[in-house]
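This report describes how the parts of one protein chain are held against one another. The sequence and the structure are shown first, and the description follows.

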Amino acid sequence: MELMISHSSGVPIYDQITRQIKGLILQGELREGEALPSMRLLAKELRISVITTKRAYEELEREGLITTMPGKGCFVAPQNPALLREETLRRMEEHLSQAVDIAKTGGISLVEMTEALNLFYEEHHI
């Protein structure tokens, strides 16, 4: 698991970790039952405080994405498909909202935007 941390982004480091791990889980790159690096190991790899990694893992556990087994570590929790779908829809809507803002600012019509979306969807359809 490779995480990228920016000290100058303005986003708290624990939040960057949480978002990236959450993304890996939602995208299926981290699967149910898969072990996460220990808090100490992750802190060492990212050159950050263990307190920061602990906070990120606690947030992920609060969201039901990981479970902690005392003495064994943290693991990806079983995922509820309905919750995963809802999260995916929320993320998609967020990106589409940004795309609509960009299109409107640039004078792109709904017809042109729909055509572009159809092309992208077909290109990436598996």
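## Salt bridges

In this predicted model, a search of the whole structure finds five salt bridges. Three of them are described here, and the table gives the partners and the distance between the closest N and O atoms.

| Basic residue | Acidic residue | Closest N to O distance |
|---|---|---|
| Lys22 | Glu63 | 3.0 Å |
| Lys54 | Glu58 | 2.5 Å |
| Arg62 | Glu59 | 2.8 Å |

The salt bridge of Lys22 with Glu63 has its closest N and O atoms 3.0 Å apart. Lys22 belongs to helix H1 (residues 13-26), whereas Glu63 lies in the loop between helix H3 (50-62) and strand S1 (66-69), so this pair ties together parts that are 41 residues apart in sequence. Glu63 is partly exposed, and its relative accessible area is 35%.

The other two pairs in the table lie within helix H3. Lys54 and Glu58 are four residues apart in helix H3, about one turn of the helix. Glu59 and Arg62 are three residues apart in helix H3, which again corresponds to about one helical turn. Why can residues at such spacings face each other? An α-helix has 3.6 residues a turn, so residues three or four places apart point the same way.

How exposed are the residues of these two pairs? Lys54 counts as partly exposed at 39% relative accessibility, and Glu58 is partly exposed with a relative accessible area of 33%. In the other pair, Glu59 counts as partly exposed at 24%, while Arg62 counts as exposed at 61%.

## A charge over a ring

A further arrangement involves Arg55 and Tyr14. The charged end of Arg55 sits over the ring of Tyr14, at 3.8 Å from the centre of that ring. A count of aromatic pairs, by contrast, comes to zero.

## Helix H2 and the loop after it

Which residues of helix H2 (residues 39-46) are buried? They are Leu42, Ala43 and Leu46. Seen down the axis of H2, these buried residues fall within an arc of 100°, so they line one face of the helix. The cover over the buried residues of H2 includes H1 and H3. On the other side of H2, Arg40 and Lys44 are exposed.

Arg47 comes just after H2 and is found in the loop between H2 and H3. Arg47 has a positive phi of about 60°, although it is not a glycine. Arg47 is also exposed, with a relative accessible area of 76%.

## The nonpolar core

The largest nonpolar core has 18 residues, of which Ile17, Ile21, Leu36 and Tyr57 touch the most other members. The elements that give two or more residues to this core are H1, H2, H3 and strand S2 (73-76). H1 gives the most, with four residues. As a general background, nonpolar side chains tend to be buried together in soluble globular proteins.

The surroundings of Ile21 may serve as an example. Leaving aside its neighbours within four places in sequence, Ile21 is in contact with Met1, Leu3, Leu30, Leu36, Tyr57 and Leu60. Among these partners, Leu36 and Tyr57 are themselves listed with Ile21 as residues that touch the most other members of the core.

## Two buried polar residues

Two further residues, Thr53 and Gln16, complete the description.

Thr53 is found in helix H3. Is Thr53 buried or exposed? Thr53 is buried, because its relative accessible area of 0% lies under the limit of 20%. When neighbours within four places in sequence are left aside, the contacts of Thr53 are Ile17, Met39, Leu42, Ala43 and Ile48. Among them, Leu42 and Ala43 are buried residues of H2, and Ile17 is one of the residues that touch the most other members of the core.

Gln16 is found in helix H1. Gln16 is also buried, with a relative accessible area of 9%. With neighbours within four places in sequence again left aside, Gln16 is in contact with Met4, Ile5, Ser6, Ser9 and Val11.

Conventions
Residues numbered from 1 in each chain as written. Predicted model: local features only at pLDDT ≥ 70, side-chain atom pairs only at ≥ 80, totals over all residues. Heavy atoms only, no water. Salt bridge = Lys/Arg side-chain N within 4 Å of Asp/Glu carboxyl O. Buried < 20%, exposed > 50% of the residue type's maximum accessible area, 1.4 Å probe, protein only. Arc of directions from axis to C-beta. Contact = heavy atoms within 4.5 Å. Phe/Tyr/Trp six-rings, centres within 6.5 Å; stacked < 30°, edge-to-face > 60°. Lys NZ or Arg CZ within 6 Å of the ring centre and 35° of its normal. Core = buried A, V, L, I, M, F, W, Y, C linked by side-chain atoms within 4.5 Å.
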